[in-house]
There are 2 protein chains.
Amino acid sequence: MCQGQTARHSFASRAQDFVSGETSPSVLLEQHLQSIADNERRVRAFVHLNVARAREEAARSTERWRRGGNLSPLDGMVVAAKDIIETADMPTGQGSPMWTDFHTRRDAASIQALREAGAIILGKTTTTEFATTELLASTTNPNDPARTPGGSSSGSAAAVGAGFAPIALGSQVVGSTIRPSSYCGCVGFKPTFGALNRSGTYDHLSHSCMGIIGTHLDDVWLTAKAIATRVGGDPGHPGLTGPDTLPGAVAPRRLVMLETDGWRKASPAARSALEGQAALLRRQGVEIVRRADDPAVEAFERLLAEDLLDLSWQIMAWEFRWPLGGYASSRASQLSRAMLQRLQQGAAMTQQDYAAALARRSALRSAFHELMASFDGAITLAATSAAPLGFANTGHAGFNVPASLLGAPALSLPVLRDEGLPLGLQVIGHAGGDARLFATAGGILAAH
Amino acid sequence: MCQGQTARHSFASRAQDFVSGETSPSVLLEQHLQSIADNERRVRAFVHLNVARAREEAARSTERWRRGGNLSPLDGMVVAAKDIIETADMPTGQGSPMWTDFHTRRDAASIQALREAGAIILGKTTTTEFATTELLASTTNPNDPARTPGGSSSGSAAAVGAGFAPIALGSQVVGSTIRPSSYCGCVGFKPTFGALNRSGTYDHLSHSCMGIIGTHLDDVWLTAKAIATRVGGDPGHPGLTGPDTLPGAVAPRRLVMLETDGWRKASPAARSALEGQAALLRRQGVEIVRRADDPAVEAFERLLAEDLLDLSWQIMAWEFRWPLGGYASSRASQLSRAMLQRLQQGAAMTQQDYAAALARRSALRSAFHELMASFDGAITLAATSAAPLGFANTGHAGFNVPASLLGAPALSLPVLRDEGLPLGLQVIGHAGGDARLFATAGGILAAH
């Protein structure tokens, strides 16, 4: 379902081949390295690679599989990590000139967990500055170098889309995993708030999440499980739960199709793509409920149509008083104009403003919980169009902000097209219902 | 109320003297530096000092006060910071040989806020290894070098107790602020969970808090306010609120006197000290309710007497899977035996065990909320005795674990004695009621 050379099979589906020697983690690593050699000059997804260590680890993993001692189903899988995620062997630069060549001396929780599972952390991928809006790196979309890969997990989505790795770690506080996944033709997963431990990342915002981007749904699920079982969720959260293998596909019976703020920004072809998807699902007996069909949906759409992106930015502006205040006082010249504006916005707020914003977010979560009681999931687009031309920004987040604010799990599935390029179908689940979301997504994919 | 040379006046009470030139931040800094010169060889509270910068900042602050342009009531106040709190100008070592000389390139949120308020970050203070149990540094109690200063905020309490600084920042997940404050004769404040932003500290545990240790209640309050108004609470929490100056003293009408698990471990003299405090308050018309007086208190005491310290360690053991798992795989020889045991405990747990522990914590919080509805606060001892002789451990946390688990604010007030040494009275408030707790504490102090 993705563009890369290794995309035909998921990593997890090759287990028997690893045991038999039909292929091996070393062979797959070399295929990824060849993709990188062929295309990285154009895509520019990575800020750092540790090829030597990756080869050593792949050799050890290959050996483990052959003697039947693999550490997990992901033993030997190549992983790329957004450059806000700490790695003991590679610097962590946060997409900012201020943090060039900074070594944190430790692995983030997710990296620790994946290494314990035998995965190979191949490199660090570009991110917008502090995982917000400015893409200072020159990463391009693997499907068209004249287009943005999206952001903030720019390099992670580009790397997976280009076949450089079957899995990449990102993050999302607005649309930083789901939107670039849509643009680069990948599966993107933003879990329930708190469900995957993001400790050891430069990601302190109050509804931000670790994100997982992959070529295949099963690899994405197994990656999430590998993290959750080993290091749990964010501190104070029990963490994602569910079966040890991809939850079996369950055809949804009833889905709510949400417009959100994204609909009025969406391109006609993108809208048509979603309408076509809805028609397809209806033909298979799925009830699709829209705002015109149900006053409860209409009422919720009105909440979503308000100023959710503003609300999201308000919360973030307050939460960015630190560390931006400190940076601005000592190294302002190393901050983008956008970050300085964010700081000004935060500086103009009071604790009371922030408390009011949190209360609004909390009320939205309650309303969503109530609405979703009678649905198996929600569907929307994952982005307003195919990846936009140019690099002025990383695309519009209208479809993305709701799941992020709501703390609900979301998947982008690369099943739609716009301008002949990938476009994601976003499926949003119940908060805490990550496994159920994957089952529903499986049911939707089976309809294709 | 404290031992140091500068303890007679709070910093905040000197504002007029700074304006008039009667004294100045530079003069006070030199007094603190003299205390350090005289006693640091014995106390060993600091792992790092930045005297040159402190002197420059004190001179600028002195100038600001004289021309009437002070940045806040705390402009020029000397602050010491526990060595898990990031400082751009000094390394952050976490009390572990693994992290010696590590520069994090940024200030923690609390440090940024206090610098914005004009405070002078003089140095970093010793902590137990990763702010847990092993004090690898050789810090001693300022009142008796043969005794522990307590922990994990060992150097912060010792520095304040010795008069090296009027305020020091610490942290508390079990008893790491309240107990050392008791042992060193300081005011110690552990806020409501989330009420003070601890971002930028090596402190990721799910009910851990920034702690403030000081010689005077008003400085402690102003420090908390300086942090909360500038960088708020932990992300997702509105942060501590209340008046801009120390809340006016309010004599409590009704206090619950809790035994907790600490009572059976407390020394006879410590028990007598608390009984004496209760008698004093009763004579002033305060109703003191104990377990024998009220079945609701008895029921709550039974909850507290169970295995709260075990519950606390369980939660921490799971949450320490990261980063200890990563450290153990690459640098196990640099971990203490206690940390390796903690890791083993965590490794034996499942997500379900952790979820069950969180559910118990949540139930305890509800029970406390219900109990406290009819009380102005709770009183207990802040420690089971005066600072114990020797350095085998940092003292018993029986009295400290409840407020930490409950997420409730707590103060240690240096008003009791045991063995001729300081012993704290602990006052516990309502979750979110930090300002009310200070008012109640003021009322209790007024009774002395």
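This section describes the interface between chain B and chain A, and then the surroundings of A:Ser153, in a predicted model.

The interface involves 47 residues of chain B, which are in contact with 47 residues of chain A. About 3,300 Å² is buried between the two chains. Carbon and sulfur atoms give 53% of that area. Three residues, B:Arg105, B:Trp322 and B:Gln351, supply 26% of the area that chain B buries against chain A. No other three residues supply more.

Polar contacts were counted across the interface. There are 22 residue pairs in polar contact between chain B and chain A, with both residues at pLDDT 80 or more. The rule for salt bridges finds zero across the interface.

Five helices of chain B each supply at least two residues of the side that touches chain A: H4 (109–116), H7 (217–231), H10 (308–319), H11 (321–331) and H13 (351–372). H11(B) gives the most, with seven residues. By residue class, the side of chain B that touches chain A divides into 19 nonpolar, 18 polar and ten charged residues.

Within chain A, A:Ser153 lies in the loop between strand S3 (120–125) and helix H5 (154–161). A:Ser153 has a relative accessible area of 0% and therefore counts as buried, the limit being under 20%. The side chain of A:Ser153 reaches the backbone oxygen of A:Ser176 at 2.8 Å. A:Ser176 is also among the contacts of A:Ser153 found when neighbours within four places in sequence are left aside. The others are A:Lys82, A:Thr126, A:Gly170, A:Ser171, A:Thr177, A:Pro180 and A:Ile213.

Definitions and conventions
Residues numbered from 1 in each chain as written. Chains lettered and ligands numbered in written order. Predicted model: local features only at pLDDT ≥ 70, side-chain atom pairs only at ≥ 80, totals over all residues. Heavy atoms only, no water. Contact = heavy atoms within 4.5 Å. Buried area = accessible area lost by both parts, 1.4 Å probe. Salt bridge = Lys/Arg side-chain N within 4 Å of Asp/Glu carboxyl O. Polar contact = N/O pair within 3.5 Å; in protein donor to acceptor, adjacent residues only side chain to side chain. Helix = DSSP H or I, 4+ residues; strand = E, 2+ residues; numbered from the N terminus. Nonpolar A, V, L, I, M, F, W, Y, C, P; charged D, E, K, R; others polar. Buried < 20%, exposed > 50% of the residue type's maximum accessible area, 1.4 Å probe, protein only.
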